Amino acid sequence: MSSKFNFKWQVIWIIIHSISLFILAIILQYFNVKNGIIQILFIGFGVTIIARLVKRITKKKQFVVDKWFFFWSLINTFTIWLMLLLINLLQITNYLLSLFLMSIGLVIVANFVKNLRITRTAMIIT
């Protein structure tokens with residue numbers, strides 16, 4: 001695995017996350033989910049599922065629900081929660097801008113966590 005920063009893939013992931021956030025928001029609206037905690041958990045796990053499906057296609061990786069799936073789901077859920085707090089704090093009301101900022105936040109946090117190089121034993125302790 002190469003640890004080089006690839007700007008093209010960062011932009012691609014921002015676009016993928018923006019689209020997935022948009023689709024997940026439509027699903028939440030369709031099912032009329034009003035509970036904020038359920039919304040954030042659904043979006044966090046949904047983003048992780050979509051990212052895993054994309055990696056399955058692009059990197060030919062197997063889709064496995066394991067401890068890393070739950071780890072990334074929690075990271076994504078926490079990131080979305082933080083980004084929603086920031087968006088509310090900045091009083092951003094543009095829906096598309098909010099999706100874009102959340103996508104950027106997801107990519108930044110994912111890169112930060114990947115650079116920590118968490119091992120299997122370190123993850124268990126965390």
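Leucine 106 touches His17, Leu21, Val47, Asn76, Thr79 and Ile80, leaving out residues up to four places away in sequence. The model that shows these contacts is a predicted one. Three of the partners, Leu21, Val47 and Ile80, belong with Leu106 to the largest nonpolar core. This core has 11 residues in all. The other members are Leu24, Leu28, Ile43, Met83, Ile87, Leu99 and Met102. Helices α1, α2, α3 and α4 each supply at least two residues of the core. In soluble globular proteins, nonpolar side chains tend to be buried together.

The helices can be placed along the chain. Helix α1 covers residues 7-30. Helix α2 covers 36-58, and α3 covers 67-89. Helix α4 runs over residues 95-115.

Now turn to the second largest pocket. Its volume is about 510 Å³. The lining is made of 23 residues. Nearest the centre of the pocket lie Ala25, Gln39, Ile43, Leu84 and Tyr95. Ile43 is also a member of the largest nonpolar core. Helices α1, α2, α3 and α4 each give two or more residues to the pocket lining. Which of these helices gives the largest share? That is α1, with six residues. By type, the lining divides into 15 nonpolar residues, seven polar and one charged.

Tyr95, one of the residues nearest the pocket centre, leads on to the aromatic rings. A pair of aromatic rings is described by the distance of the centres and the angle of the planes. The model holds nine aromatic pairs. In one of them, the ring centres of phenylalanine 22 and tyrosine 95 are 6.4 Å apart. Their planes stand at 55°, so the pair is tilted. Why does this pair tie together parts that are 73 residues apart in sequence? Phenylalanine 22 lies in helix α1 and tyrosine 95 in helix α4, so the pair joins those two parts of the chain. Phenylalanine 22 is partly exposed, at 36% relative accessible area. Tyrosine 95 is partly exposed as well, at 41%.

Another pair is formed by phenylalanine 63 and phenylalanine 69. Here the centres are 6.3 Å apart and the planes again stand at 55°, so this pair too is tilted. Are its two residues buried or exposed? Phenylalanine 63 is partly exposed, with a relative accessibility of 29%. Phenylalanine 69 is buried, with a value of 4%. Both rings belong to a cluster. Ring pairs link Phe45, Phe63, Phe69 and Phe70 into it.

Next come two buried residues with polar side chains. Serine 98 sits in helix α4. The relative accessible area of serine 98 is 10%, so this residue counts as buried. Apart from neighbours within four places in sequence, serine 98 is in contact with Ile87 and Ile92. Of these, Ile87 is a member of the largest nonpolar core.

Glutamine 10 is found in helix α1. At 14% relative accessible area, glutamine 10 is buried. What does glutamine 10 contact, leaving aside its neighbours within four places in sequence? The partners are Phe5, Val107 and Asn111. Phenylalanine 5 lies in the segment before α1. Phenylalanine 5 is exposed, with a relative accessible area of 61%. Phenylalanine 5 and lysine 61 are 56 residues apart along the chain. Their C-alpha atoms are separated by 20 Å.

The loops are the last stop. Asparagine 32 lies in the loop between α1 and α2. Glutamine 91 has its place in the loop between α3 and α4. Most residues other than glycine have a negative phi. Asparagine 32 has a positive phi of about 55°, although this residue is not a glycine. Glutamine 91 also has a positive phi, near 55°. Is glutamine 91 buried or exposed? Glutamine 91 is exposed, with a relative accessible area of 67%. Between glutamine 91 and tryptophan 81 there are 15 Å in space, C-alpha to C-alpha. In sequence these two residues are 10 residues apart.

Conventions:
Residues numbered from 1 in each chain as written. Predicted model: local features only at pLDDT ≥ 70, side-chain atom pairs only at ≥ 80, totals over all residues. Heavy atoms only, no water. Phe/Tyr/Trp six-rings, centres within 6.5 Å; stacked < 30°, edge-to-face > 60°. Helix = DSSP H or I, 4+ residues; strand = E, 2+ residues; numbered from the N terminus. Buried < 20%, exposed > 50% of the residue type's maximum accessible area, 1.4 Å probe, protein only. Contact = heavy atoms within 4.5 Å. 1 Å grid on protein atoms, 1.4 Å probe; cavity = no way out; pocket = protein on both sides within 12 Å on 5 of 7 lines; lining within 4 Å. Points joined across faces, edges and corners; volume = space filled by probe spheres on them. Core = buried A, V, L, I, M, F, W, Y, C linked by side-chain atoms within 4.5 Å.
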